[in-house]
Amino acid sequence: MFTGVLANRTVLELGSMIAAPFATHILNQMGAEVIKIEPPSGDTTRKLVRGGPSGTYIAYNRGKKSICLDLRSDRGLEIFHKLVKNADVVVHNLSPGAARRLGVSYTGCSAINPAIIYCHIKGYGAGPLSEGVASNPIAEAATGVMYANRVDGRPSRLGPSYHDQFAGCYAVMAILSALLDAGGDARRRNIELGLYETGLHIAARELVGVQLNSQLLGRQDQEPSPEFSIPGYGAYETRDNRWIYLVMLTDEHWSKFCKAASVATDPELATLRQRRKSRPQVEQLVSAAVETFDYDELARKLSEVGAGFTEVLSPDRVLDAPQARESGKYAQFPFSGYAFAAPNFPLPALTGENVENSPPPLLGEHTYAVLQQIGYEDEEIRSFITEGAALTANHDAELWAKVRDAKA
């Protein structure tokens with residue numbers, strides 16, 4: 001059977017919210033066994049929706065094992081140290097202060113297992129704010145992303161937590177590099193990654209674009225998004241009240257759209273420079289042309305000429321698209337009496353056929369089994385649980401508060 005590239009690797013995760021759990025989700029999809037070590041209160045995302053697990057928890061924690069430990073206790077820390085001894089990677093996004101208080105450091109982990117790869121995703125990397133706490137929206141605000149994204153004039157966070165997820169991806173790159181360099185420079189096994197620094201790298205295009213425009217124009221000038229600088233680029237409503245997103249970056253794109261939408265050729269609008277000067281006219285022309293078609297008809301015509309477009313879909317429709325429904329694109333699994341479908345890692349050649357698509361674990365669902373796996377006897381495990389150093393899952397607990405019947 002074809003196995004994932006990280007089969008037989010064990011990853012310990014002490015993660016909450018998105019960055020670390022997203023990184024270990026990718027590692028798990030690539031075949032690694034991920035043991036999610038949670039405090040008695042559990043990952044924060046377990047309680048965000050009606051007191052129960054959120055979409056974040058369900059999407060990015062499926063296939064993992066959950067072990068619940070109180071690392072503030074001596075025996076809980078003892079178990080953690082034994083887990084480290086048998087692991088390949090430790091990933092966490094605890095604050096620097098919390099990591100020190102709980103004894104989760106590279107120095108401590110490498111003393112137990114010199115080969116361990118240790119990855120700390122934190123708010124800020126080296127610098128005056130290295131001890132500071134930052135989250136996804138703070139990184140957006142501090143790196144310029146939020147400035148132009150405004151709701152009613154007020155700078156606002158983007159919808160998805162992209163900085164968290166990019167940080168998770170960067171963490172995976174660093175971890176894979178360290179695995180490739182096993183036995184090499186120990187500094188490569190001590191990975192420290194800031195959300196802020198991740199945000200800076202993501203924003204490089206915009207930051208350099210502002211510098212370019214400012215020097216060309218002799219004044220500070222924000223680089224506009226394509227939607228505001230290129231007419232005919234954006235979302236337009238069709239006759240049947242669906243939205244189509246058009247990309248017209250070049251004159252060839254414009255020519256293809258005109259052919260598909262039966263727009264008369266106008267030599268005064270042939271070049272992007274001309275169209276920019278006549279932006280209101282072009283926008284009105286494109287809107288008027290699009291609204292004469294039902295979506296399916298216009299989509300067919302655009303496909304025939306090779307134009308770039310898509311429908312603007314609501315989240316409930318995304319996984320119904322034929323492209324999304326292609327075999328292997330997403331996994332279906334039950335969780336607490338409900339059915340879910342979550343997209344898979346998009347590189348199937350790295351995942352293999354043996355990658356689990358099991359539901360996300362209940363808090364402490366695998367505590368007993370994992371402790372047995374690392375060599376503890378039943379009697380000792382029961383004593384850990386009795387003392388509160390380790391906890392096991394309550395399979396009878398309702399995860400979400402019931403929704404009241406509006407008619408009741």
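A residue counts as exposed when its relative accessible area is over 50%, as buried when that area is under 20%, and as partly exposed in between. With that cut-off in hand, Asn8 is an easy call: its relative accessibility is 78%, so Asn8 counts as exposed. The model is a predicted one, and Asn8 is a handy place to start with its backbone. Asn8 sits in the segment before β1 (10-14) and, although not a glycine, has a positive phi of about 75°. Most residues other than glycine have a negative phi. Ser336 is another non-glycine residue with a positive phi, here near 55°. Ser336 belongs to the loop between β12 (330-335) and β13 (338-343). Its relative accessible area is 38%, which lies between the two cut-offs, so Ser336 is partly exposed.

Stepping back to the whole chain, the fold is built from 17 helices and 14 strands. The C-alpha trace spans about 85 × 55 × 50 Å along its principal axes. Of the 408 residues, 42% count as buried. The accessible surface comes to about 21900 Å², and carbon and sulfur atoms own 54% of that surface. As for how the chain meets itself, take the contacts between residues at least 6 apart in sequence: 69% of these join residues at least 24 apart.

Next come the open spaces. The largest pocket holds about 820 Å³ of space. Its lining runs to 36 residues, with Ser16, Thr44, Asn93, Leu94 and Ser95 lying nearest the centre. Two or more lining residues come from each of β2 (33-38), α4 (96-102), β5 (117-122) and α6 (136-142). Sorted by class, the pocket lining has 17 nonpolar, 12 polar and 7 charged residues.

Closed space is a shorter story, since the structure holds 1 cavity of 30 Å³ or more. The largest cavity contains about 60 Å³. Around this cavity are Leu246, Val247, Met248, His253, Lys256, Phe257, Leu302, Ala307 and Gly308. Helix α11 (residues 251-260) gives the most to the cavity lining, with 3 residues. By class, the cavity lining splits into 6 nonpolar, 2 polar and 1 charged.

Turning to charged pairs, the structure holds 24 salt bridges. One of them pairs Glu13 with Lys64, with 2.7 Å between the closest N and O atoms. This bridge ties together distant parts of the chain: Glu13 is in strand β1, while Lys64 is in the loop between α2 (55-61) and β3 (65-69), 51 residues apart. Both partners are out of reach of the probe to a degree that the numbers make plain. Glu13 has 0% relative accessibility, under the 20% cut-off, and therefore counts as buried. Lys64 has a relative accessible area of 2%, so Lys64 is buried as well.

The bridge between Arg188 and Asp181 has another setting. Here the closest N and O atoms are 3.1 Å apart. Arg188 has a relative accessible area of 53%, which is over the 50% mark, so this residue is exposed. Asp181, at 23% relative accessibility, counts as partly exposed.

A further bridge brings the side chains of Glu297 and Arg239 together, at 3.9 Å from N to O. This pair also links distant parts of the chain, with Glu297 in helix α14 (residues 295-305) and Arg239 in the loop between β9 (234-237) and β10 (243-246), 58 residues apart. Glu297 has a relative accessibility of 32% and counts as partly exposed. Arg239 is partly exposed too, with a relative accessible area of 46%. Some salt bridges share partners, and in this way Asp240, Arg242, Asp296, Glu311 and Arg317 are joined into one network.

Last comes Ser54, placed in the loop between β2 and α2. With a relative accessible area of 7%, under the 20% cut-off, Ser54 is buried. Which residues does Ser54 contact, leaving aside its neighbours within four places in sequence? The contacts are with Thr45, Leu48 and Val49.

Definitions and conventions: Residues are numbered from 1 along each chain as its sequence is written. This is a predicted model: local features need pLDDT of at least 70, side-chain atom pairs count only at pLDDT 80 or more; totals for chains, interfaces and linings use all residues. Side-chain values use heavy atoms; hydrogens and water are left out. On a 1 Å grid over the protein atoms alone, a cavity is a set of points where a 1.4 Å probe fits but cannot get out, and a pocket is an open set with protein on both sides within 12 Å along at least five of seven lines; lining residues have an atom within 4 Å of a point. Grid points are joined across faces, edges and corners, and a volume is the space filled by probe spheres set on the points. Helices (H or I, at least four residues) and strands (E, at least two) are DSSP runs, numbered from the N terminus. Ala, Val, Leu, Ile, Met, Phe, Trp, Tyr, Cys and Pro count as nonpolar, Asp, Glu, Lys and Arg as charged, and the others, Gly among them, as polar. Buried means under 20% relative accessible area, exposed over 50%, partly exposed in between (1.4 Å probe, protein chains only). A salt bridge is a side-chain nitrogen of Lys or Arg within 4 Å of a carboxyl oxygen of Asp or Glu. Contact means heavy atoms within 4.5 Å. Accessible areas come from the Shrake-Rupley method with a 1.4 Å probe; for residues, only the protein chains shown count as cover.
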